[in-house]
Amino acid sequence: MRLYTHPACLQHDTGPHHPESPARLAAVLRVLDRDHYAALDRVEAPRATRDQLLRVHDEAHVQRVLDTVPMGETQWLDDDTALSPGSAEAALRAAGAVVAAVDAVLSSGHVRRAFCAVRPPGHHATRSEAMGFCLFNNVAVGAAQAMVAHGLRRVAIADFDVHHGNGTQDIFWHEPRVLFASSHEMPLYPGSGNPDERGAGNILNRPMSAGDGSYLFRELWEGDLLPRIRAFRPQLVLVSAGFDAHQNDPLANLCLGSEDYAWITAKLVELANHHAEGRLVSTLEGGYDVAALASSAAAHVEALME
Ligand SMILES: [Zn+2]
């Protein structure tokens, strides 16, 4: 089980009062530094290449993120998405982590699962826009790597972040080789995620309501999303692992606990073992209560290690 990260991901500076802070990733890395996780094979994330990014983003967007280097101050791409002097490097390493993890599970016999502890997160970034704290769509760049570089014909993306992964949906709207399955709170940012948003039949949106918790979450995945992913027979399972559906999260109103993240992770591992030769790559998305994020990510990684 591999852990991909890079210190540059801590240098994406969103300003003093931003929920998507370097402290989030620092807390995740601190908990994964305990003896309990000593068996993790730690690998420094490489940079994604421009060509890898251009598979899912248009040229103007890639250029805006990579070439707009603010001198000593933060620039805002939208109300909540910042670009600081360290952001381009962080974004390249975050996307590059998922590419490297996908390469590792698809080409080496001994690596089956990986977790990318990175930021900025990715699932709100569309083909042409940075938004919702996201610069490049890391999980989408990884899915494209699996299809283009490895010739995969069926890649599943499971997204349990509390916010809808509108960017991933946007990028793969016409792409039947990708199945995108998401549970999320609605109404909530970014506003999309209705069940009738189906793309080419490859988009599965399952909204939950404020106050919903463990029971409905498990019922949704167990009774509906997981069977549909199984029926798709994915060759690779990617996970947009956001932990902001936790009951303590300040940006949303669902009531999950870290044990729910252990549960969904074990289910996805089992699915990957059955259909995808065990190949599963997970990448960090949201989670804004630092303590809840650390314990939830720890539960997730622990289940990935089993
Ligand atoms: Zn989120």
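**Walking from a proline loop to a zinc site**

Let's start with Pro 190, which sits in the loop between strand 7 and strand 8. Helices (H or I, at least four residues) and strands (E, at least two) are DSSP runs, counted from the N terminus. Before going on, some ground rules: this is a predicted model, where local features need pLDDT of at least 70 and side-chain atom pairs count only at pLDDT 80 or more, while totals for chains, interfaces and linings use all residues. Residues are numbered from 1 along each chain as its sequence is written, and side-chain values use heavy atoms, with hydrogens and water left out.

Back to that loop. The peptide bond from Tyr 189 to Pro 190 is cis, with omega near 5°. Pro 187 lies in the loop between strand 7 (178-185) and strand 8 (203-208), and the bond leading into Pro 187 from Met 186 is cis too, with omega near -5°. Most residues other than glycine have a negative phi, and most peptide bonds are trans.

What about phi, then? Phe 133 has a positive value, near 75°, despite not being glycine. Phe 133 belongs to the loop between strand 5 (113-116) and helix 5, and with a relative accessible area of 11% it is buried. Here buried means under 20% relative accessible area and exposed over 50%, with partly exposed in between (1.4 Å probe, protein chains only). Arg 233 also has a positive phi, near 50°, and lies in the loop between helix 7 (214-232) and strand 9. At a relative accessible area of 48%, Arg 233 is partly exposed.

Phe 133 also leads us to His 18, which touches Trp 76, Asp 80 and Phe 133, leaving out residues up to four places away in sequence; contact means heavy atoms within 4.5 Å. His 18 is found in the loop between strand 1 (2-5) and helix 1 (22-32), and its 12% relative accessibility makes it buried. Its side chain has two polar partners to look at. One is the backbone nitrogen of Glu 20, at 2.9 Å, and another is the backbone oxygen of Asp 80, which is 2.8 Å from a polar side-chain atom of His 18. A polar contact is a pair of N or O atoms within 3.5 Å; within protein, one must be able to donate a hydrogen and the other to accept it, and residues adjacent in sequence count only if both atoms are side-chain atoms. Ser 21 lies in that loop between strand 1 and helix 1 as well. Ser 21 is buried at 16% relative accessibility, and beyond its neighbours within four places in sequence it contacts Thr 14 and Arg 119.

Now for the metal. Which residues coordinate the zinc ion? Asp 161 (OD, listed twice), His 163 (ND1) and Asp 244 (OD) do so, at 2.0 to 2.8 Å. Donors are N, O and S atoms within 2.8 Å of the metal (3.2 Å for Na, K and Ca), and sites may look incomplete because water is not among the atoms. The four donor atoms subtend angles of 52 to 155°, so the arrangement is irregular. For reference, four donors are tetrahedral if all angles lie between 85 and 135 degrees; four count as square planar and six as octahedral if opposite donors are over 155 degrees apart and all others between 65 and 115; anything else is irregular. His 163 lies in the loop between strand 6 (155-159) and helix 6 (166-171), and Asp 244 in the loop between strand 9 (236-241) and helix 8 (258-275), so the pair ties together parts 81 residues apart in sequence. His 163 is buried at 7%, and Asp 244 is buried at 0%.

Next, the aromatic rings. The whole structure has six aromatic pairs. Rings of Phe, Tyr and Trp (its six-membered ring) pair if their centres lie within 6.5 Å; planes under 30 degrees apart are stacked, over 60 edge-to-face, and the rest tilted. Phe 243 and Tyr 261 have ring centres 4.9 Å apart and planes at 80°, so they are edge-to-face. Both Phe 243 and Tyr 261 are buried, and ring pairs link them with Phe 160 into a cluster.

Phe 160 takes us to the largest nonpolar core, which has 99 residues; Phe 115, Phe 160 and Trp 221 have the most contacts inside it. Helix 4 (residues 87-107) supplies the largest share of this core, 14 residues. Such a core is a set of buried Ala, Val, Leu, Ile, Met, Phe, Trp, Tyr and Cys residues joined through side-chain atoms within 4.5 Å.
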